[in-house]
Amino acid sequence: MSTNKRPEVMKGARKGALKRLFMMIMKDYPGYFFLVTFAIMVVAFAGVANSFFVGNILIDEFIQPSLDALEAGLTTNAYTYMLNNVTSTTFGIGFVPSLMVLGGIFIIGILASYTYNFFMAYIAQGIQKEIRDNLFDHMQNLPVSYFDQHTHGDVMSVYTNDVDSLREMLARSIPMMTSSIVTMFAAFVIMLFTDFYLAIVVLLVGVLMFFLTKFFASRSGRHFIKMQMELGRTNGYIEEMISGQKVVKVFNYEKKNVEEFKKHNEELFTQSVQANRYANILMPAVNQLGNLQYALIALIGGLFVINGVKGLGFSDLLSGHIYSMGLITSFLLYSKSFTQPIGQMAMQLNTVTMALAGASRIFAMTDEPVEIDEGYVELVNAREDENGNPVEVSEHTGKWAWKHPHTDGSQTTYTWLKGKINVNGVDFGYVPNKIVLHDITVYAEPGQKIAFVGPTGAGKTTITNLLNRFYDIADGKIRYDDININKIKKADLRRSLGMVFQDTKLFTGTVMENIRYGKLDASDEEVYKAAKLANADTFIQQLPEGYNTVLKNGGASLSQGQRQLLAIARAAIANPPVLILDEATSSIDSRTEAMVTKGMDAIMEGRTVFVIAHRLSTIKNSDVIMVLDHGHIIERGSHDALLAQKGKYYQLYTGNAIKE
Ligand SMILES: Nc1ncnc2c1ncn2[C@@H]1O[C@H](COP(=O)(O)OP(=O)(O)OP(=O)(O)O)[C@@H](O)[C@H]1O
Ligand SMILES: [Mg+2]
């Protein structure tokens, strides 16, 4: 049932996404980014410095000489000897100051760690916010057809799951991985300085870990992506069933529904188990290898110490060194700094894979081409000059004119907005190769009332979708006041058309706000007036809070007819020269309809109106009635003329297809 399909994302797209994220960070937070990078390095070096300090300084330069002194009989108390008599050969300071240096390094490490976590979280939140803004901004400009092709659940999960996993990656995984890499690098460098042989042991185990990680991560990564997609599907299914709960109940679909849900949930479970199984084996396996390495170094190092083997490192390339307890201790710590990050990175790898898949979906949506608007003719406020011609003014006059800038440099011209619509030989299909409208020609003079009738699916709504350019026509021309509508700015074209849709959409907010949607700067008085005109005032007054009643879930607490009345009021308040009413009165009882029609007659006065209705009363007095069938206009004329013609209209009428 759920059609929520979350496409798998190709590797290349993920790489591209990473690059774009990086560019975003560099553009918005270059300072913080460098601070974070610097802090990560400090943390890594502080870690390595600590290891160095513990082995090479504390053990080799303080503890060992003190023990030697004790053995040689120079002192009876190695501890006081160390405190008072030993100075570090590296730093030339005593034991306590050395400890303070160690503490200092430790504190610097903690501060740097706090710094990068804090700022990286900040950057991540910022990027997350920016992405949400971009997504929403971009979504406002996507063509209607985009939403024909993508389910709401699909679009929603980009905002929720994908954006969130992206934040998780930026705030946690990326800094963790960066710090892991830097730490590994630093640890390895200092190991090379200290001793080649032991470094090779660490490196060998490291390589083994790397391949183990790669093996498991590539297996779990696949399942993590599948898990995320299944999560989207499951959520989409739940969403759909919440909104469709009445249908579910009425058709006794509960049991089937639960089964269907269980299938999704089961798949989600399987994928999660698979993903986590590999991920869960990985950590212990890497840890065990780490322990093995520990033991190896202790063993080999110990043997070296005992046998007085001569070692070699970059720090003593020529002279070489003998192995000391301190050196082995330091090395054990270095090796830990080297291998621990491998496990950590392995854990983050899945988050990163998922987040990058999400990021590529985010970018795919923001890259989706927006509605193209090549229009340049604008709608402006105007007043009449002495010759009756329009003159542009900035204040609201209630009169409108089309403003045509001319590309050849000649003067801008103005013509009155009249509301004349000419549709000429229009062909159209929502999808290629499936034409739903054929050679449609409709002329509407200003102030005329044009009605469309015809069976379901004939293409009535489609015609109105073309007038406001929700979709672009394949062939033919539509002219508004003799201007090709392609030349009119979309926003201005739509402003000049008032629409009441077949399916009424109300937003969460008060009744007042919902009506005002038609004209954002309308005063309360204007709202009342529009409501009265649409005959909505009476029922609104009876609502618990009147005009301040808050509507939720698209006005679920109102009757269908009441919702339509609000939609009519919303169209009325905009005061447009052309009105399109798609089944606007289909759910209103005949008595109310008579009143609404009366009210509407008032607002229709002087306006061009397109009415789509199954009810005869609404269209009877139209200037022209167009009978549509399978995308063709098969009859046209006045009510009486069409009846006399005894064609399809007559059939529809007498066959009660059109309700009286
Ligand atoms: N978004 C869309 N994508 C693809 N095809 C569509 C879309 N909307 C409508 N159609 C198809 O276009 C044809 C005309 O639909 P349209 O909505 O214009 O019919 P209608 O005359 O308004 O019917 P009704 O009286 O039921 O409202 C139908 O065959 C329909 O399946
Ligand atoms: Mg329709």
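Which helix gives the most to the shell around ligand 1? In this predicted model, that helix is H11, spanning residues 460-467, which contributes three residues to the shell. The surroundings of ligand 1 comprise 13 residues, and those that come nearest are Tyr 430, Thr 456, Lys 460, Thr 461 and Thr 462. By residue class, the shell around ligand 1 holds four nonpolar, seven polar and two charged residues.

The protein as a whole contains 20 helices and 18 strands. Its radius of gyration is 38 Å, whereas the globule rule gives 26 Å for 660 residues; the value is well over the rule, so the protein is more spread out than a compact globule. The C-alpha trace covers about 130 × 65 × 50 Å along the principal axes of the protein.

Of the 660 residues in the protein, 37% are buried. Contacts between residues at least 6 apart in sequence were also examined: 75% of them join residues at least 24 apart.

The domain assignment divides the protein as follows.

| Domain | Residues |
|---|---|
| domain 1 | residues 11-367 |
| domain 2 | residues 378-416 |
| domain 3 | residues 446-471 + 491-654 |

Domain 3 is thus written as two segments, 446-471 and 491-654. Taken over C-alpha atoms, the centres of domain 2 and domain 3 are 29 Å apart.

Technical notes. Residues are numbered from 1 along each chain as its sequence is written. Chains are lettered from A and ligands numbered from 1 in the order in which they are written. This is a predicted model: local features need pLDDT of at least 70, side-chain atom pairs count only at pLDDT 80 or more; totals for chains, interfaces and linings use all residues. A residue is near a molecule or strand if its C-beta atom, placed from the backbone, lies within 6 Å of it. Helices (H or I, at least four residues) and strands (E, at least two) are DSSP runs, numbered from the N terminus. Ala, Val, Leu, Ile, Met, Phe, Trp, Tyr, Cys and Pro count as nonpolar, Asp, Glu, Lys and Arg as charged, and the others, Gly among them, as polar. The radius of gyration is taken over C-alpha atoms; the globule rule is 2.2 Å times the number of residues to the power 0.38. A residue is buried if 20 or more other C-beta atoms lie within 10 Å of its own, exposed if 12 or fewer, and partly exposed in between; C-beta atoms are placed from the backbone. Two residues are in contact if their C-beta atoms, placed from the backbone, lie within 7 Å. Domain bounds come from an automatic or database domain assignment.
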